[in-house]
Amino acid sequence: MSLCVFVGDVHVGHPGALSANPRGPQQHWLREKWDQTVKQVLKRAKGHELFLMLGGDLVDQPGKENGNSAVALLQPLANAAKAVYAVTGTDYHVGEDGMDDRWIASELGATGDRQKRTHYLDFGGRPLWWAHHAISVGSLPWTADDGLYRKAKECHWLAAQHGQTPPALVVGHHVHVGPEYVSQYRGTVAAICGCWQLQPAYGAKRSSFKLPTIGLLLWWVEDNRVEMLTHPVPPEMRSA
């Protein structure tokens, strides 16, 4: 069976984000959860074909130090992967046209057409539509599913209008909040990947009590089954 592992919004270099050399309680907590997650993914991937899907905003600001740190963190997953694919994130974080995301992806094996702003891929006859800024969700718990359902329906109909097979899965990143469920429309599933950055000052200003979803997303391709591997943020880690 094929297993796609989506990782994005790592934001290496931010004091409240994952780091290869953690400093302070927030970074140490994130690194502990990251190491646990990588071990869990590698254990579950045994006997399966693993594909590493890099979802963009791998660093918080462009720079070789941040890039090297991101490569070190992601290397164990890349080493176990049959192939690595990447989409680019936000220019503010990763440089013009996703410059740093592209460099990190290349270092990890995603070269040429395996790195794009938007991917239309096919895994064993199951189409995947994937982009960093693909999906927006409601800001309230009871509206979060609305954006997922609308995006699944939109992509299903866009494919039909162009005579294409509708995507089995649509994946987005960027919003840092991945609802603990997915939504679907006529077999097209929409999902948002979690992140590896605790709430920054900008997030606290916009929504003081909203917590990020720390973790990543698994797609068991043949079953078209999406699974979230996430870690609840404890109270002592919710604010710097």
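Me: In the hairpin of β5 and β6, which residue takes a positive phi?
Reply: G124 does, with a value near 60°. The hairpin has two residues between its strands. The model is predicted: local features need pLDDT of at least 70, side-chain atom pairs count only at pLDDT 80 or more, and totals for chains, interfaces and linings use all residues. Numbering starts from 1 along each chain as its sequence is written, and side-chain values use heavy atoms, without hydrogens and water.

Me: What makes β5 and β6 a pair?
Reply: Two strands pair if DSSP finds at least two bridges between them. β5 and β6 have six, in the antiparallel sense. F123, for instance, has R126 in β6 as its bridge partner. A strand is a DSSP run of E with at least two residues; a helix is a run of H or I with at least four; both are numbered from the N terminus.

Me: What makes β5 and β8 edge strands?
Reply: The open sheet has five strands in the order β5-β6-β7-β9-β8, with mixed pairing. β5 (118–123) and β8 (183–185) each pair on one side only. On average, neighbouring strands are turned by 20° against each other, direction ignored. β8 pairs with β9 (residues 188–192) over three antiparallel bridges. One of them joins Q184 to V189 in β9.

Me: How do you know that helix α5 packs on this sheet?
Reply: Contact means heavy atoms within 4.5 Å. Helix α5 (residues 144–161) touches β6 (126–131), β7 (169–172), β8 and β9. Its direction makes about 30° with that of β8. Axes are lines fitted to C-alpha atoms, for helices over the stretch in contact, and angles between N-to-C directions run from 0 to 180 degrees.

Me: Why is H119 called buried?
Reply: Buried means under 20% relative accessible area, exposed over 50%, and partly exposed in between (1.4 Å probe, protein chains only). H119 has 2% relative accessibility, so H119 counts as buried. H119 sits in β5. Along that strand H119, L121 and F123 point to one face and are buried; T118, Y120 and D122 point to the other and are not. In a regular strand, side chains alternate between the two faces of the sheet.

Me: What makes the approaches of H119 to A86 and R114 polar contacts?
Reply: A polar contact is a pair of N or O atoms within 3.5 Å; within protein, one must be able to donate a hydrogen and the other to accept it, and residues adjacent in sequence count only if both atoms are side-chain atoms. The side chain of H119 reaches the backbone oxygen of A86 at 3.2 Å. A polar atom of that side chain lies 3.1 Å from the backbone oxygen of R114. Beyond four places in sequence, H119 also has contacts that include L128, W129 and W130.

Me: Why is I214 called buried?
Reply: The relative accessible area of I214 is 1%, so I214 is buried. I214 lies in β10 (residues 214–220). Among the residues it touches, leaving out those up to four places away in sequence, are W29, L30, C195 and H231.

Me: Why is the chain called as compact as a globular protein of its length?
Reply: The globule rule is 2.2 Å times the number of residues to the power 0.38, and the radius of gyration is taken over C-alpha atoms. For 240 residues the rule gives 18 Å; the chain has 17 Å, which is close, so the chain is as compact as a globular protein of that length. Its secondary structure comes to six helices and 11 strands. Buried residues make up 55% of the 240.
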